[in-house]
Amino acid sequence: MLVAEAPAQSKLLKIGEVARRTGVTLRTVRYYQSLGLLGEPVEVKTRVRMYPERVCRRIALIRDLRRLDVPLGRIRVLLSARHQAPTGAEGSAQLASTLAEKLTEIEKRLTDYRAMKENIGATLAFLQTCLLCSRKPSTAVCEACELVRCSDQVPPHFDALLS
C-alpha cells in the first residue's frame, strides 16, 4: 500500500538515486522494501515510487548490521520494535543490546586485525630477504639462513612457511 503524501521536510528520491547513494543495487532496495524494512514509499502523480532521504540512512544501518552478520529477520524485528513499543525505552532496548554486542565484536576484531597486521608486516620484512635468495627453499635451507638464525624472533607466519 502506498502513502498518498510525501513526508514534510524531506526530499524525495527515486529508487535509482537511493541505490546509488547507499551503494546497494536496485534489487536490494526492492528486496528490503518487500521485507518491510524501509517503510512505505510515496507515490507521486506519475505513479513512480519515491523514497524520503531518510531511507538512505535506514539502508546504511541495515547494510552495517548485515556486515556484522545480523540476519535480515532479526533486523526487521529490531526496526519494527521501536515503532510498536509503547515507550522509547522499550522500543530501544533490543536494538541497544544488539548494537552493544556488535560493538564488542568489532573491538575484538580490531584487536585481532592489529595483531595480524603486525605479524604480516614482520613476515613481509623477512620475505624481502627471501626475494634475493637463489637457493631452493627447504626447511633445512631456510633454518640455516642467517636472517632466521640471527633473528631474536621469527614471525609466526614466516615460521609456518619453514615447515
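**Buried positions, a pocket and an aromatic pair**

Q33 is buried, its relative accessible area being 11% (buried is under 20%, exposed over 50% and partly exposed in between, with a 1.4 Å probe and protein chains only). This residue sits in helix α2, where helices (H or I, at least four residues) and strands (E, at least two) are DSSP runs numbered from the N terminus. Leaving aside residues up to four places away in sequence, Q33 touches L38, G39, E40, P41 and Y51, a contact being heavy atoms within 4.5 Å. The model is a predicted one, in which local features need pLDDT of at least 70 and side-chain atom pairs count only at pLDDT 80 or more, while totals for chains, interfaces and linings use all residues. Residues are numbered from 1 along each chain as its sequence is written, and side-chain values use heavy atoms, with hydrogens and water left out.

E40, one of the residues touched by Q33, also offers a reference point for S80: the two are 40 residues apart in sequence and 13 Å apart in space, C-alpha to C-alpha. S80 belongs to helix α4 (residues 72-84) and is partly exposed, with a relative accessible area of 25%.

Helix α1 (residues 15-22) has I15, V18, A19 and T22 buried. These residues cover an arc of only 95° around the axis, so they lie on the same side of α1; the arc is taken from the directions from the helix axis to the C-beta atoms. Their cover includes β1 (12-14), α2 (26-34), β3 (49-52) and α3 (54-67). After α1 comes G23, with a positive phi near 75°.

Further along the chain, attention turns to an aromatic pair, of which the structure holds one. The ring centres of F126 and F158 are 4.9 Å apart and the planes stand at 50°, so the pair is tilted (Phe, Tyr and Trp rings, the six-membered one for Trp, pair with centres within 6.5 Å; planes under 30 degrees apart are stacked, over 60 edge-to-face, the rest tilted). The pair links distant parts of the chain, F126 in helix α5 and F158 in helix α8, 32 residues apart. Both rings belong to buried residues.

Helices α5 (88-130) and α8 (156-162), along with α6 (139-144) and α7 (146-150), each supply at least two residues to the lining of the second largest pocket. A pocket here is an open set of points on a 1 Å grid over the protein atoms alone, where a 1.4 Å probe fits, with protein on both sides within 12 Å along at least five of seven lines; lining residues have an atom within 4 Å of a point. Of its 17 lining residues, C130, C133, V141, C142 and C145 lie nearest the centre.
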